[in-house]
Structure formats: structure tokens, C-alpha cells
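Here are a few exercises to work through with the model in view. Try each task yourself before reading the solution.

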Amino acid sequence: MVVLAMLSVLGLLSVAAVLGLLLLLLGRRRRGPKAASGPPGPTPWPVLGSLHLLGSHDNPFQAFTALSAQYGDIFSITLGSAPCVVVNTFELIKEVLVTKGSHFGGRPDFIRFHMLFGGDRNNSLALCDWSDLQKTRRAISRAYCSPRFASAHFYNLDTVGSCEVAAFADVLRRRAAPGQPLDVKPLLNVACFNLFTQYMCSKRFAYDDPDCLSVVRTFDEIFWEINQGYAVDFMPWLLPAYAGHMRKLSSWAQYIRGFIMANIVTEHENTLEMYGDPRDFTDALLMHLKEDSSMEWQHIIFELEDFLGGHSAVSNLVMLTLIAVVRNPRVGERIQREVDAATACGSRHVTLFDRASMPYTEAAILETLRSASSPIVPHVATVDSTIGGYEVKKGTVVFINNYQLNTGESYWSKPAEFMPERFLSADGHVSKPKYFIPFSTGKRTCIGQRLVQGFSFLLVASILQSYDVSVPEGTVIHTPTACVAVPPDTYSLVFTPRKNRESSGL
Ligand code: HEM
């Protein structure tokens, strides 16, 4: 599962505000000297550290940018009692993620992360510390999650993608009444789940299957949850106040595990042919388990769960792209012109091979990623090291301020505007500046990015091929900043069949 875990100001503030006020009454805020060779930064308060400084902004990254104007491109900050460093420029970010990637391969030890992965966050691909096991797990998934263009896996991906967008188009045709809002997110969740389960487990589910609807809803809840932050992440002594919340996380995770075992793994195990080619990713994992004595059963189950959970990231991204189209109708029109040209005026469904001739559509998805600015999971120093010449001690949490990379005026012209064109070169090809790293970079870079790009392209292109998308009149759209998720219950959209498409049968 993709994990984009970050701090949400809202979560932190309720507790931070109360404690902050108390401390304000008890003592004065000082800007004191830091350890001789560590980065400069605000002097922490007792208990809270500097959590209170994150409060006056929409998201913690805006606070980081404001603090960097005061303390420099790299600064230290204590959150609760956790020593942290924030890096704010591309050069420093590259130093952390690439040049010194092996020094900063750990992850923060948030209790929530343990709760979601059977009591041990090292079961999770995204939340574990770097290890040989992680190297193996990444290696097993590479062929499936990053299929090379025109390889057998790529063709399989295309076949799965084409079948599912056809099935999704059929569901939309039946459920989207002209002029009526449709709660489309649950359907998108099922479409994306099917893309993943069909590709990775050779299994798909009906759009009205109550068990499937329930499990994708749970995945979506977890995806939203993991994008939030809580005071308890940095002040673990608050745990008793969060006992109910932690129980909920743990029960969600158990429910999903049970579903995957019952509906996917058991069936695969019973029909596994050890000496043939793996039928899919699930087979490849099970075969690896039998051949590699260092792999344990739970590693396989959690890896599969992690990857299947990636479907929520794709459906949230598609939802955000559709919302961007609603806000910027000219973007939708241009995607429609492109898809019409690629599919002979809509006479066939979109395929992955159309991506090459639809750069604007890809650019619109990239622009959605830029403006959503999904946070990079914090890294942790696993050895004493340096960044930008400053000493950074083992155990320090390193925040990558990619919000600044995605929205800073020194990187983009008119960053607040939604302009897919910024990702097109003069000759109309997709072109990404090197500092645009929505999937991060270095040894912990996102494993699912090719799947994200392929599947989100198919869904966005095929929806706009057949429909104009809007919201009911009077709807005011608000999407969170520095977050690639929308809440599980979100806007309903209106799908109006395009006039010249009504007879195409798609
Ligand atoms: C909107 C879609 C997505 C975005 C923006 C995204 C972004 C990211 C980012 C920023 C990281 C952290 C990298 C780092 O710490 O340096 C990450 C890690 C990861 N992502 Fe994604 N991701 C997305 C979807 C997916 C999907 C669909 C999958 C699975 C199929 C996936 C699998 C992973 C895994 C396994 C990791 C952990 C890698 C590691 O720590 O070694 N992601 N992703």
C-alpha cells in the first residue's frame, strides 16, 4: 500500500493548542543557540517541542517553508520530543534521498504504523526501515509493478486495463443519470481494486458485490487516515487518549487481511504449480516464500496487501483529476480532443498504447500530482551523518519539503494555477523538470509509479471520452492541500454523455 503519511495540522492542534497556551503562560519562547554543528532552528518548548509553530498554516509544509525563510534551507525542529530536520531545496533533498540515501533509509516509529501492520511496521514495505528483506521485497515486485514497455507484463497490464475500463464504462452508463449527481468514488474504488486484483491476483469482483464494496471502503478509510497526522505520532504518552482510534486501525487491518486470505491467497495456494511459470504476482510471492528461507508467511501477505492497497491511491488521484477538470473545463475539453483523435473519434476504448499520443492527458495528471503535492513519507537517519554540512544525528526524522518544490515560485511560474501545459515541451512532448519528484527518488522511491501512471491515464481518458464532468450547481469544492487523498465521503459528480458520443456505444 502506498503510504503518504504526514502531519495534519488539524490533528496536531487540538492538543498542541491547549498545551501551547499553558506553556505560554508558564514561560517565554526563546530563540536560543543550537548544538554547535547541527542545523539552526527554533528552541523547543518542553513537552510540545515546536509543534505549536505548525498551527497557523493550512498544512505543516507551509509552516516549514515559512520557518525556512527564518532559519535557512535546512533547519532543525523538535516535534514532541522527536528531533527532526526539514530540508527545503532540491539540492538538499537530493543529498538526503540519493547521495546519502543509505544514511537516511529509516522511517519514523509512529504507533499508528505498527497498528496497521500486525503490530510491526517493518511488515510494511513503505513504513519499514531499510533492510535486506526490503531489498528482496522490492526486487520481487519490480517486474510486476514496473513492467517494461512492450514486455509480457506490460501487455497483460494493457489487457487488464482495457477490460476494466470497458466494464467501468458500462457501470457508468447504467448508473449515471443525466443531470443527476453520482457518488462515483465507491465505483472508482472498485474499478481500481479490480485493476490491481486482476493484474496481481487474476481475480476481479462485481461492482455491486457488498463484500468488495466494504473492503474497498476500508482501504479508502486507511488511505485517508494514513495521510493524516496526530499528536500521538510525536507524543506517544498520549496513547491512552487514542486507545479507541488504535483499536479501529488494528481492526481495519485485520478485516482486510481476512478478506485477502479468504478471497485470494487460499485459492492461489491450493492451485499453485511450483514448477511452472507464476500465473501472476501472487504466485510469484508464494513461490518465493517456498524457495527463500529468509522469507516468512507474513512478509508475503503484507506485501500483497501493500500493493493491493495501492488501488486507493489511484482512485483518489483519478478523483482529484476529475475535480481539477470540473474546476478547469478547458482542461477537460483538451483531453477530450486528444482522446477523440487517438481513438478515431471515440470508435474504440482507450488502451495503454494511446498514452504515447496523448501527452496533454498525461500532463493533466502530472499537474494534479503537482498541485495536490503528496507528501514524501518522512525518512529517518540510521547513522550519524550530515546534510548541507550540518551534523544530523542517528534517529533524527528528516522531513522532505516537496510542497515547496511543487508550489514554490522559484520553481514554477504561477504555481497556484492549474496549467498542464507546464509539463509539455515546445514540440508537445511530456517534459518534467528534474525537481518534480511526486514519487520521490533514490532507493526508497515509489514502486507503484508505473501502475499509477498507466491506470490513472486509462480511467481519466475513458471517462472523458464519453462524458462531460461537472458538479451540481452551487457546489463549492474544497480539496485538502499537501494531500493526494480526498475524504472517503466526497463530492458527487454529474456525468453528462457527450453529444457526439451518445451513438458510439462506448
Ligand atoms: C498517487 C499515487 C502515488 C503517489 C503520489 C506515491 C508516492 C510515493 C512516495 C512519495 C513514496 C515515498 C518514497 C520515499 O520515501 O522516498 C512512496 C513509496 C511507496 N509507494 Fe507509492 N505512490 C503512489 C501510489 C503507489 C501505488 C499504486 C503503489 C503500489 C502498487 C505504491 C507503492 C509504494 C511503495 C511500496 C512504497 C515504499 C517504497 C519504500 O519505502 O521502499 N505507491 N510512494
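**Exercise 1. Place Ser440 and decide whether it is buried or exposed.**

Start with its place: Ser440 sits in the loop between H15 and H16 (helices are DSSP runs of H or I with at least four residues, strands are E runs of at least two, both numbered from the N terminus). Next, its accessibility: Ser440 has a relative accessible area of 14%, so it's buried (buried is under 20%, exposed over 50%, partly exposed in between, with a 1.4 Å probe and protein chains only). Finally, its backbone: phi of Ser440 is positive, about 65°, although the residue is not a glycine. Most residues other than glycine have a negative phi.

A word on the ground rules: this is a predicted model, where local features need pLDDT of at least 70 and side-chain atom pairs count only at pLDDT 80 or more, while totals for chains, interfaces and linings use all residues. Residues are numbered from 1 along each chain as its sequence is written, and side-chain values use heavy atoms, leaving out hydrogens and water.

**Exercise 2. Do the job again for Lys414.**

Lys414 also lies in the loop between helix H15 (402–407) and helix H16 (449–466). Its phi is near 45°, a positive value in a residue other than glycine. With 52% relative accessibility, Lys414 counts as exposed.

**Exercise 3. Describe how H7 meets H12.**

First, the geometry: the axes of helix H7 (residues 185–201) and helix H12 (residues 297–327) come within 8 Å and cross at roughly 140°. (Axes are lines fitted to C-alpha atoms, for helices over the stretch in contact, and angles run from 0 to 180 degrees between N-to-C directions.) That angle makes H7 oblique to H12; angles under 35 degrees are roughly parallel, over 145 roughly antiparallel, 65 to 115 roughly perpendicular, and the rest oblique. Then the residues: among those making the contact are Phe193 and Phe196 of H7 and Phe307 and Leu308 of H12 (contact means heavy atoms within 4.5 Å).

**Exercise 4. Check the length of H8 and find what covers its buried residues.**

Helix H8 (residues 210–226) has 17 residues, so at 1.5 Å a residue it should span 24 Å (1.5 Å times one less than the number of residues). Its end C-alpha atoms are 24 Å apart, which agrees. Buried residues of H8 include Cys212, Phe219 and Asp220. The cover over the buried residues includes helix H4 (111–116), H7, helix H10 (243–270) and H12.
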